[in-house]
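Subject: A structure for you to look at

Hi,

Here is the structure I said I would pass on. Open it up next to this email and follow along as you read.

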Amino acid sequence: MDYLEIEGGHTLQGSVKVSGAKNAALPLLALSLLAKQPMEFYNLPEVADINTFMRLLTMLGANITTKSAGHQIIDTTNVNNTKAVYDIVRKMRASILVLGPLLARFGHCEVSLPGGCAIGARPVDLHIKAMQKLGATVEVQGGYIMAHAKNGLKGADIVFDKITVTGTSNVIMAAALANGKTRIVNAAKEPEVVQLCQALQEGGLQIQGIGTSEIVIEGTNGELLDFKPTRVIPDRIEVGTYLCIGAITNSQITLHDVCEEHIESIVLKLNEIGFSTEFCNNDKNQSITLYPCEKALQAFRITTTEYPGFPTDMQAQFMALSTQCNGSSFIKETLFENRFMHVNELQRLGADIAIDGNVAQINGKTELIGADVMATDLRASSALVLAALVAKGITRIHRIYHLDRGYEQLEVKLSALGAKIRRLSE
């Protein structure tokens, strides 16, 4: 099993090209199940979750051709299997995204109940209820979601009790092939959902309300769609993570291929802490540069919430950064009940953190000391990398397979910035 060994205390400098967004790529890959011809993708990130999802598509009967790094053609025209087995789905919760398109295209499917992440309960009941509203019969048997719609899905009003990104994406894909109009109320507005809608619209689907909390879709009544080549949007969480890496090491770094609109809440919080940033547009490639702060870093408050608010996927990274800020910072996690699991590991490095329910108080500035720590989930892994970069001495981060799920060549990119980091085997 691999681990990372990091020597802290080094200032970084240079630039990084941001990878495609994993959380945008996954629903787009599922969307290929609704294509009447092979679907072409660009800028797919080479991370474990993408590889897992492509294995799932292959098991369903898809043919995948790799043209170059990040450039794949997915051909689902010969898909003849509608069962997403436990062995694949348990590794990644996003596998549930095949439920909507499989059901819409074939009128039946079996999808294992998902696993893949320890940050808290993310129930699939919202997905199931939505499919039932669209006319499907759904049962859970033997750990599988068994869904049937013999006469096809029918458009309906879907009102989500709470905002769900994967739930919104699943319903959008199911509604695309339904008979009649579907209205989704309290829909997620994340950029990843927006790109899914735009790909459907470019493929010929009538869809209104893109980027709003109410989306209206006129289904094709079973007719498959003709999708255009799709380039995956930049990963806003990777952008935020590297900005925090620059911030915690007080370094000047530039990130290429970013979208300013997608990272507004992150940049505003960094500005509040004391960092200045600058966006630059060059040949359709937007970049952002973070500049070192010449004064003491200021403590801050964060409450995680749905887009366009502060993302829960950046909470752990900012907690690591807060250990180097003067005063008490407060982070309130409103979306996942177990998303403070990185706290114990940060404390092993010397962080002064107290937890009260879903609120963390971090007292700084604290000198961190290298130690052996263990990653518990994807974003917790990146928080430990941040802390290790400023910790005195050597830090070894174990179980980095979590990190590999969502960050493409992180140690390579960090080494290019001047970090002392090595991937080793236990």
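Let's start at the end of a helix: right after α9 comes Gly274, with a positive phi near 135°. Keep in mind throughout that this is a predicted model.

Now step back into the helix itself. α9 covers residues 264–273, and its buried residues are Ser265, Ile266, Val267, Lys269, Leu270 and Ile273. What covers them? The cover includes two helices, α8 (236–248) and α10 (315–322), along with the strands β16 (276–282), β17 (285–291) and β18 (301–303). Have a look at α10 while you're there, since 8 of its 8 residues are buried. They are Gln315, Ala316, Gln317, Phe318, Met319, Ala320, Leu321 and Ser322.

Next, the nonpolar cores. The largest one has 77 residues, and the members that touch the most others are Leu29, Leu31, Phe53, Leu153, Ile172 and Leu200. Helix α1 (residues 22–31) is the top contributor to this core, giving 7 residues. There is also a second, separate core, with 66 residues, among them Leu255, Val267, Leu290 and Val385. You've met Val267 already, as one of the buried residues of α9.

Phe53 is a nice one to click on. Which residues does Phe53 contact, once neighbours within four places in sequence are left aside? They are Leu26, Leu29, Ala30, Met92, Ala94, Ser95, Leu97 and Val98.

Two other residues from that list of well-connected core members, Ile172 and Leu200, take us to a pair of helices. Ile172 is among the residues of α6 that meet α7, and Leu200 is among those on the α7 side. On α6 the others are Val165, Thr168, Ser169, Met173 and Ala176, while α7 also brings Val193, Leu196 and Cys197. Helix α6 runs over residues 165–176 and helix α7 over residues 191–202; they pack at an angle of about 10°, with axes 10 Å apart. Angles under 35 degrees count as roughly parallel, so that is how α6 and α7 are described.

There's a small sheet to find as well. It is open and has 4 strands, in the order β4-β5-β3-β14, with mixed pairing. The edges are β4 (63–68) and β14 (230–231), each pairing on one side only. α1 turns up again here: it packs on the sheet and touches β3 (39–42), β5 and β14, with its direction making about 165° with that of β3. To see one of the pairings up close, look at β4 and β5 (residues 71–75), which are antiparallel over 5 bridges. One spot to check is Ile64, whose bridge partner in β5 is Ile74.

A few backbone oddities are worth a look too. Most residues other than glycine have a negative phi, and most peptide bonds are trans. Here are the exceptions I'd show you:

- Asn43 is not a glycine, yet its phi is positive, about 65°. It sits in the loop between β3 and α2 (48–60), and it is buried, with a relative accessible area of 13%.
- Arg399 is not a glycine either, and has a positive phi of about 60°. You'll find Arg399 in the loop between β23 (394–398) and α13 (401–404), where it is partly exposed at 37%.
- The peptide bond from Tyr307 to Pro308 is cis, with omega near 10°. Pro308 belongs to the loop between β18 and α10.
- Gly364 and Lys365 are joined by a cis peptide bond as well, with omega about 0°. Lys365 is in the loop between β21 (359–364) and β22 (372–374).

Last, something from a record. An unreviewed UniProt entry puts the feature "binding site" at Arg93, Arg122, Pro123, Val124, Asp125, Leu126, Asp313 and Leu335. I picked two of these to look at. Arg93 is in the loop between α3 (86–89) and α4 (99–106). Is Arg93 buried or exposed? Buried means under 20% relative accessible area, so Arg93, at 17%, counts as buried. Leu335 is in the loop between β19 (327–332) and α11 (343–348), and is partly exposed at 25%. Beyond residues up to four places away in sequence, Leu335 touches Thr304, Thr305, Glu306 and Thr312.

Have fun exploring!

Conventions:
Residues are numbered from 1 along each chain as its sequence is written. This is a predicted model: local features need pLDDT of at least 70, side-chain atom pairs count only at pLDDT 80 or more; totals for chains, interfaces and linings use all residues. Side-chain values use heavy atoms; hydrogens and water are left out. A nonpolar core is a set of buried Ala, Val, Leu, Ile, Met, Phe, Trp, Tyr and Cys residues joined through side-chain atoms within 4.5 Å. Buried means under 20% relative accessible area, exposed over 50%, partly exposed in between (1.4 Å probe, protein chains only). Contact means heavy atoms within 4.5 Å. UniProt positions are given in the numbering used here, feature names are shortened, and annotations may be inferred rather than shown by experiment. Two strands pair if DSSP finds at least two bridges between them. Axes are lines fitted to C-alpha atoms, for helices over the stretch in contact, and angles run from 0 to 180 degrees between N-to-C directions. Angles under 35 degrees count as roughly parallel, over 145 as roughly antiparallel, 65 to 115 as roughly perpendicular and the rest as oblique.
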